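Visitor: I should like to examine this model through its terms, asking in each case what justifies the word. Please show me the structure before we begin.

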Amino acid sequence: MTVARVLFISLLTFFASAALAIADEPIAIGDIVADPDPHHLRLVTLHGTVRQVKALEPYSQTSGTTCYGAYTFTLEDDTGVIGVAVLGVCGKPMIKAPDVLDGERVLVQAQILAPGHSGPSGGSGGRITLGGDQDKVRAVASAISHLGE
């Protein structure tokens with residue numbers, strides 16, 4: 001392996017680790033809601049209390065594959081509230097209850113969708129609707145951890 005290749009792989013690993021470390025620091029929901037554009041499409045860590053859990057009907061992707069087990073909830077902390085979508089498992093028919101309960105404290109890694117930008121939104125064509133309000137900041141969860149408080 002050449003020195004340049006080793007250096008490139010080392011730098012790539014360093015920057016990937018740094019990006020993951022940044023995503024691990026919880027960000028106040030109020031900060032994201034107040035200025036969502038810098039967070040658009042970024043992976044962030046949020047923590048708060050689950051509210052308004054809603055299981056969604058199976059939905060179809062544009063490819064025709066059906067997805068099951070999707071749900072939405074709102075996450076609130078002392079600074080604000082944000083809508084969170086959890087995407088379903090596609091291509092495998094199943095009945096699955098949401099992984100969170102109302103009132104539960106959780107840590108959520110999610111991709112932020114700022115208003116006015118494209119992303120999973122409409123209610124048809126294989127997309128998840130997050131409360132139907134495209135003028136609000138939204139989040140799509142990639143991981144949820146339950147806090148034992």
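Visitor: Which residue stands opposite His47 in S7?

Guide: His47 stands opposite Leu107 in S7. I should add that the model is a predicted one.

Visitor: What makes S1 and S7 a pair of strands?

Guide: Two strands pair if at least two bridges are found between them. S1 and strand S7 (residues 105-113) have seven bridges, in the antiparallel sense, and therefore satisfy the requirement of at least two. S1 is also joined to strand S4 (residues 71-77) by five bridges, again antiparallel. In that second pairing, Val50 has Leu75 as its bridge partner in S4, and Ala55 stands opposite Tyr71.

Visitor: What sheet contains S1, S4 and S7?

Guide: They belong to a closed barrel of five strands, which runs S1-S4-S5-S8-S7 with mixed pairing. On average, neighbouring strands of this sheet are turned by 55 degrees against each other, direction ignored.

Visitor: Why is Val50 called buried?

Guide: The term buried requires a relative accessible area under 20%. Val50 has 0% relative accessibility and so counts as buried. This residue lies in strand S1 (residues 43-55). Leaving aside residues up to four places away in sequence, Val50 touches residues including Phe73, Leu75, Leu101 and Val106. The C-alpha atoms of Val50 and Leu107 are separated by 9.9 Å, the two residues being 57 apart along the chain.

Visitor: Why is Gln52, found in strand S1, called exposed or buried?

Guide: Exposed means over 50%. At 57% relative accessibility, Gln52 therefore counts as exposed. Gln52 also has a phi near 50 degrees, a positive value in a residue other than glycine.

Visitor: Where is Leu41 found, and why does its accessibility place it in its class?

Guide: Leu41 is found in the loop between H2 and S1. Its relative accessibility of 47% lies between the limits of 20% and 50%, so Leu41 counts as partly exposed. Leu41 has a positive phi of about 65 degrees, although it is not a glycine.

Visitor: How do you know that Cys67 and Cys90 form a disulfide?

Guide: A disulfide requires cysteine sulfur atoms within 2.5 Å. The sulfur atoms of Cys67 and Cys90 are 1.9 Å apart, so the pair meets that limit. A search of the whole structure finds one disulfide. The pair links distant parts of the chain, with Cys67 in strand S3 and Cys90 in strand S6, 23 residues apart. The link is right-handed, with 100 degrees about the S-S bond.

Visitor: Why do Cys67 and Cys90 receive their accessibility classes?

Guide: Cys67 has 1% relative accessibility and therefore counts as buried. Cys90, at 34%, counts as partly exposed because this value falls between 20% and 50%.

Visitor: What joins S3 to S6, and what makes S6 an edge strand?

Guide: Two bridges join strand S3 (residues 66-68) to S6, and these strands run antiparallel. Cys67 has Cys90 as its bridge partner in S6. Three strands form an open sheet in the order S2-S3-S6, with antiparallel pairing. Strand S2 (59-60) and strand S6 (89-90) are the edge strands, each pairing on one side only.

Visitor: How many residues has the largest nonpolar core, and which elements give two or more residues to it?

Guide: The largest nonpolar core has 19 residues, and Phe73, Leu75 and Ile82 have the most contacts inside it. The elements giving two or more residues to this core are helix H2 (29-34), S1, S4, strand S5 (80-86), S7 and strand S8 (138-146). S7 supplies the largest share, four residues. Not counting residues up to four places away in sequence, Leu75 touches residues including Ile29, Leu46, Val50, Ile82 and Val108.

Visitor: What are the overall figures for the protein chain?

Guide: Buried residues make up 31% of the 149 residues in the protein chain. The chain has two helices and eight strands, in the order α-α-β-β-β-β-β-β-β-β from the N terminus on. Among contacts between residues at least 6 apart in sequence, 65% join residues at least 24 apart. The protein chain exposes about 8900 Å², and carbon and sulfur atoms supply 57% of it.

Terms used: Residues are numbered from 1 along each chain as its sequence is written. This is a predicted model: local features need pLDDT of at least 70, side-chain atom pairs count only at pLDDT 80 or more; totals for chains, interfaces and linings use all residues. Side-chain values use heavy atoms; hydrogens and water are left out. Buried means under 20% relative accessible area, exposed over 50%, partly exposed in between (1.4 Å probe, protein chains only). Contact means heavy atoms within 4.5 Å. Accessible areas come from the Shrake-Rupley method with a 1.4 Å probe; for residues, only the protein chains shown count as cover. Axes are lines fitted to C-alpha atoms, for helices over the stretch in contact, and angles run from 0 to 180 degrees between N-to-C directions. A nonpolar core is a set of buried Ala, Val, Leu, Ile, Met, Phe, Trp, Tyr and Cys residues joined through side-chain atoms within 4.5 Å.
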